[in-house]
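Trainee: I've got this one up on my screen and I'd like to talk it through. Can we go over it piece by piece?

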Amino acid sequence: MTADALVDAAPVNAPAAALRMRSARLAYGSRVLWDGLDLDIRPGEFLAVLGPNGSGKTSMLRVLLGQQPLSAGTVTIAGHAPGKANHKLGYIPQQRAIDANLTLRARDLVGLGLDGHRWGLGLRGRAERRRKVDAVLAEVGASDYADHPVGLLSGGEQQRLRVAQALVGDPELLLCDEPLLSLDLAHQRVVSDLIDARRRTAGTAVLFVTHEINPVLPLVDRVLYLVNGRFRIGPPDEVMTSENLSELYRTPVDVLRVRGQIVVVGAHQEAHHCPEPTAEVRP
Ligand SMILES: Nc1ncnc2c1ncn2[C@@H]1O[C@H](COP(=O)(O)OP(=O)(O)OP(=O)(O)O)[C@@H](O)[C@H]1O
């Protein structure tokens, strides 16, 4: 398949995209991270963004969060420009430890994900806010520690709260920045199942940045694979081939399927998107 055939092309009468990019370019000086990027993410679609270190995955999130302008082209989130669309966005950052001295209660951390202006200060606003927070705490299985100080919770419990905070505002697009990193296998499963359930029930589109596709492979509709200013977009089976990755990396690369997982052999050392050939392949 040619590179052009793998570039995203939405049908003319497609439903409104949760994310739309047209001829998008991001460059820092002479360093081009991507150029000519056309991408629509449909409601409920799960897009994994893969690529080696420095390929521009975090920069893409910064563009969508309104923290970094494109160098050329356009981007809209549910029809709004980034920065003006934050009420349409949920954002799950990387898992990192929260200071043990943080006394903020779990429910208050989650409540920070609500757009304050929408709820007013009246009793009704406060009751509705509480109802929303309680519902999402239940959804992520965190009701039991809703009133505990966040700093005393485990890493996995804290990450559930970050998912809840990202979901409480009913986003149309959920941005995930390696949300499984440093979680054990059981918690990886919990967090990815939560994200999957929400996109299926509420049609939330998911843009999931990761170095490691295998933990989410069953959920992935399409992959955006960035390498050194080049990219491919398409279903995992179309993008993750020896031919495509060899072209992207400009070096011979073999893509193997082992027990339903994808193993990439021969990509640059910094490409941690899949287990190295010698790495354990989990059942
Ligand atoms: N504000 C900036 N000015 C100049 N260069 C930048 C800026 N932000 C990022 N870069 C460069 O752009 C490249 C892409 O960075 P980015 O953090 O988006 O990559 P990444 O794919 O998220 O990498 P990693 O997997 O290591 O997190 C890097 O070489 C980085 O040094």
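Mentor: Sure, and one term before we start: helices (H or I, at least four residues) and strands (E, at least two) are DSSP runs, numbered from the N terminus. Keep in mind that this is a predicted model.

Trainee: Okay, how many helices and strands does the protein have?

Mentor: The chain has 283 residues, and 37% of them count as buried. Its secondary structure adds up to eight helices and eleven strands.

Trainee: In what order do the six strands of the open sheet run?

Mentor: Start at the rims: S5 (89–92) and S9 (230–234) are the edge strands, since each pairs on one side only. Inside the sheet, S3 (residues 46–50) and S8 (residues 222–227) run parallel and are joined by four bridges, with Leu50 standing opposite Tyr225 in S8. Pairing in this open sheet is mixed, and the order is S5-S6-S7-S3-S8-S9.

Trainee: And by how much are neighbouring strands of this sheet turned against each other on average?

Mentor: Direction is ignored for this one. The average comes out at 15°.

Trainee: Which strands does H1 touch as it packs on the sheet?

Mentor: H1 covers residues 57–64. Its direction makes about 145° with that of S6. Packed on the sheet, H1 touches S3, S6 (173–177), S7 (205–209) and S8.

Trainee: At what angle to S5 does H5 run?

Mentor: H5 takes in residues 155–167 and lies across S5 and S6. Its angle to S5 is about 170°.

Trainee: Now the ligand: which helix gives the most to the shell around it?

Mentor: Among the residues around the ligand are Tyr28, Leu33, Asn53, Lys57, Thr58 and Ser59. By class, the shell has two nonpolar, seven polar and one charged residues. With three residues, the top contributor is helix H1.

Trainee: Within what arc do the buried residues of H8 fall, seen down its axis?

Mentor: The buried residues of H8 (residues 242–249) are Asn244, Leu245 and Leu248. They line one face of the helix because, seen down the axis of H8, they fall within an arc of 90°.

Trainee: What do those buried residues of H8 pack against?

Mentor: Two of the partners, S8 and S9, belong to the open sheet. The full list is S8, S9, H7 (236–239), S10 (254–258) and S11 (261–265).

Trainee: Last one: which residue follows H8?

Mentor: Look for a positive phi, near 55°, just after the helix. The residue there is Arg250.

How values were computed. Residues numbered from 1 in each chain as written. Predicted model: local features only at pLDDT ≥ 70, side-chain atom pairs only at ≥ 80, totals over all residues. Near = placed C-beta within 6 Å. Nonpolar A, V, L, I, M, F, W, Y, C, P; charged D, E, K, R; others polar. Pairing = 2+ DSSP bridges. Axes fitted to C-alpha atoms, helices over the stretch in contact; angles between N-to-C directions. Contact = placed C-beta atoms within 7 Å. Buried ≥ 20, exposed ≤ 12 C-beta atoms within 10 Å, placed from the backbone. Arc of directions from axis to C-beta.
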